[in-house]
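Okay, thanks everyone, I'll keep this short. Let me put the sequence and the structure up, and then we can walk through them together.

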Amino acid sequence: MASEILIRADADNTIGLGHLVRCYALAQMLKNEFDITFIIKKMPSKLKDELFKGLFKLKKIKTEEEFFLFLKPGQIVILDGYEFAIEYQKHVKNKGCKLICVDDLHEHEFHADLI
């Protein structure tokens, strides 16, 4: 069984589509080696239909707590978004996950295995 990657990113008219589209491109590169699930709180339904087309698993959450409950030791978690601050990252790491953070601002401290 392939290693599991969980990608946590959102898209809407306030934050734009960049985080999700960037992660989608990354998932396309990794799809043959990993079992990939996108964890989404916000995403236009039209984007879901056009972008995903059943290529990846998609889990919709209402709260971040739902995401934390979904985590299992050994999973690889990719976070792409400005709201995933250091305490959020520590929570992911405390679940026993490997953590990758996508950063395009270089303004924050990270608690990730890879940036």
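So, to start us off: are Phe67 and Tyr88 buried or exposed? Phe67 is buried, and Tyr88 is buried too. Keep in mind as we go that this is a predicted model.

Let's stay with the aromatics for a minute. There are six aromatic pairs in the structure. In the one made by Phe67 and Tyr88, the ring centres are 6.1 Å apart and the planes sit at 10°, so that pair is stacked, the cut-off for stacking being under 30 degrees. This pair ties together distant parts of the chain: Phe67 is in helix α3, residues 64-70, and Tyr88 is in helix α4, residues 86-94, with the two positions 21 residues apart in the numbering. Tyr88 also pairs with Phe84, and here the geometry is tilted, with 4.8 Å from centre to centre and 45° between the planes. Phe84 is buried as well. Put Phe68 in with Phe67, Phe84 and Tyr88 and you have one aromatic cluster. And while we're looking at rings, Lys72 lies over the face of Phe70, 5.4 Å from the ring centre.

Now over to the strands. How do β1 and β2 pair? They're parallel, over six bridges, and if you want a landmark, Leu6 stands opposite Thr37 in β2. To get from β1 to β2 the chain goes through α1, and that β-α-β crossover is right-handed. On to β3, residues 57-60: four bridges join this strand to β2, again running parallel, with Phe38 opposite Leu58 in β3. As for β2 itself, it's mostly covered, with six of its seven residues buried.

Okay, cores. In soluble globular proteins, nonpolar side chains tend to be buried together. Here the largest nonpolar core has 15 residues, and the members touching the most others are Ile5, Ile7, Leu20, Ala27, Ile36, Phe38 and Phe56. Which elements give two or more residues to this core? Those are β1 (3-9), α1 (18-30), β2 (34-40) and β4 (76-80). The largest share, four residues, comes from α1. There's also a second core, separate from that one, with 14 residues, including Ile39, Ile61, Val77 and Leu99.

Let me zoom in on a couple of those core members. If we skip anything within four places in sequence, Phe56 is in contact with Tyr24, Ala27, Gln28, Lys31, Ile36 and Phe38. Then there's Ile5, which lies in strand β1. Why does Ile5 count as buried? Because its relative accessibility is 3%, and buried means under 20%. Setting aside residues up to four places away in sequence, Ile5 touches Leu30, Phe34, Asp35, Ile36, Thr37, Ile76 and Ile78.

Last stop, Val102, in strand β5, residues 98-102. Val102 comes out at 25% relative accessibility, so it counts as partly exposed. Beyond its neighbours within four places in sequence, Val102 is in contact with Arg22, Ile78, Leu79 and Asp80. For a sense of distance, Val102 and Lys62 are 40 residues apart in sequence and 22 Å apart in space, C-alpha to C-alpha.

That's my tour, so over to you.

Key
Residues are numbered from 1 along each chain as its sequence is written. This is a predicted model: local features need pLDDT of at least 70, side-chain atom pairs count only at pLDDT 80 or more; totals for chains, interfaces and linings use all residues. Side-chain values use heavy atoms; hydrogens and water are left out. Rings of Phe, Tyr and Trp (its six-membered ring) pair if their centres lie within 6.5 Å; planes under 30 degrees apart count as stacked, over 60 as edge-to-face and the rest as tilted. Buried means under 20% relative accessible area, exposed over 50%, partly exposed in between (1.4 Å probe, protein chains only). A charge sits over a ring if NZ of Lys or CZ of Arg is within 6 Å of the ring centre and within 35 degrees of the ring normal. A nonpolar core is a set of buried Ala, Val, Leu, Ile, Met, Phe, Trp, Tyr and Cys residues joined through side-chain atoms within 4.5 Å. Contact means heavy atoms within 4.5 Å. Two strands pair if DSSP finds at least two bridges between them. A crossover is right-handed if, with the strands pointing away from the viewer, the path from the first strand over the helix to the second runs clockwise.
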